[in-house]
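This report goes through one structure, from its strands to its cores and then to a single residue.

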Amino acid sequence: FPVTIFCQKLSDLVTINEKAVFQIFSYDEFGSPFSIGTGFYIDGNGKALTNVQFIEDAKFGFIRNYKGDVFQIKEINRTCEACDIAEILIDTKGTITPFLKTTNTIPAKASDIFVIGNPEGFESTVTTGIISSIRDGENKVIQISAPISPGSSGSPIMDMSGNVIGIATFQYSEGQNLNFGYWIGCKEKLSINHQYLLS
């Protein structure tokens, strides 16, 4: 019985939250694709978060949302290289975007979490797991058991209320389910970007 309640709640959360998650396609100055990742909206006007790694060498960038609509990334607004987080602005042509809420509160170790991303290009894929550990340091890292793969970096890590607690960033392929994301509170360290410019 508790499992049924959990699954129903999770499916409801996914139905709502996947609308704010999108796939990112980056291109070099010659128009050749070189990076695919994930991002998510944090307000209704096209402001979003992703990893710096997807846009740092990009000259052009586009996103594709869950409905298949494509919009151009118009600006890399703020970045923090140390925590691999970038705030980008999407040209949504006036469309009001669904967005995710964030919280600086990290649930206790072993708490359930879920991730919505685009692993290996498989759009809007959901994975579940727990918080395996919280790694304190200059930039706090959340270790999770929910699987992530290339293409899922930049995905929101969410608690069971649907709030974003972190951004999926990297994994250790030598082990099993050793996946990591930077705490969403690291976004407070973002500074105005003068380094990465789109054409």
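## The barrel

Six strands form a closed barrel in the order 7-8-9-12-11-10, with antiparallel pairing. Strands are DSSP runs (E, at least two residues) and helices are DSSP runs (H or I, at least four), numbered from the N terminus; two strands pair if DSSP finds at least two bridges between them. Strands 7 and 10 run antiparallel and are joined by two bridges. Phe 114 has Met 158 in strand 10 as its bridge partner.

This is a predicted model, in which local features need pLDDT of at least 70, side-chain atom pairs count only at pLDDT 80 or more, and totals for chains, interfaces and linings use all residues. Residues are numbered from 1 along each chain as its sequence is written, and side-chain values use heavy atoms, leaving out hydrogens and water.

## The cores

The largest nonpolar core (buried Ala, Val, Leu, Ile, Met, Phe, Trp, Tyr and Cys residues joined through side-chain atoms within 4.5 Å) has 35 residues, of which Phe 40, Ile 85, Ile 113 and Phe 114 touch the most other members. Among the elements that each supply at least two residues of this core are helix 1 (2–17) and strand 7 (112–117). Apart from this core lies another, of 14 residues, including Ile 76 and Tyr 196.

## Ser 153

Ser 153 lies in the loop between strand 9 and strand 10. Ser 153 counts as buried because its relative accessibility is 10%, where buried means under 20% relative accessible area, exposed over 50% and partly exposed in between (1.4 Å probe, protein chains only).

A polar side-chain atom of Ser 153 lies 3.1 Å from the backbone oxygen of Thr 169.

Terms used:
Polar contact = N/O pair within 3.5 Å; in protein donor to acceptor, adjacent residues only side chain to side chain.
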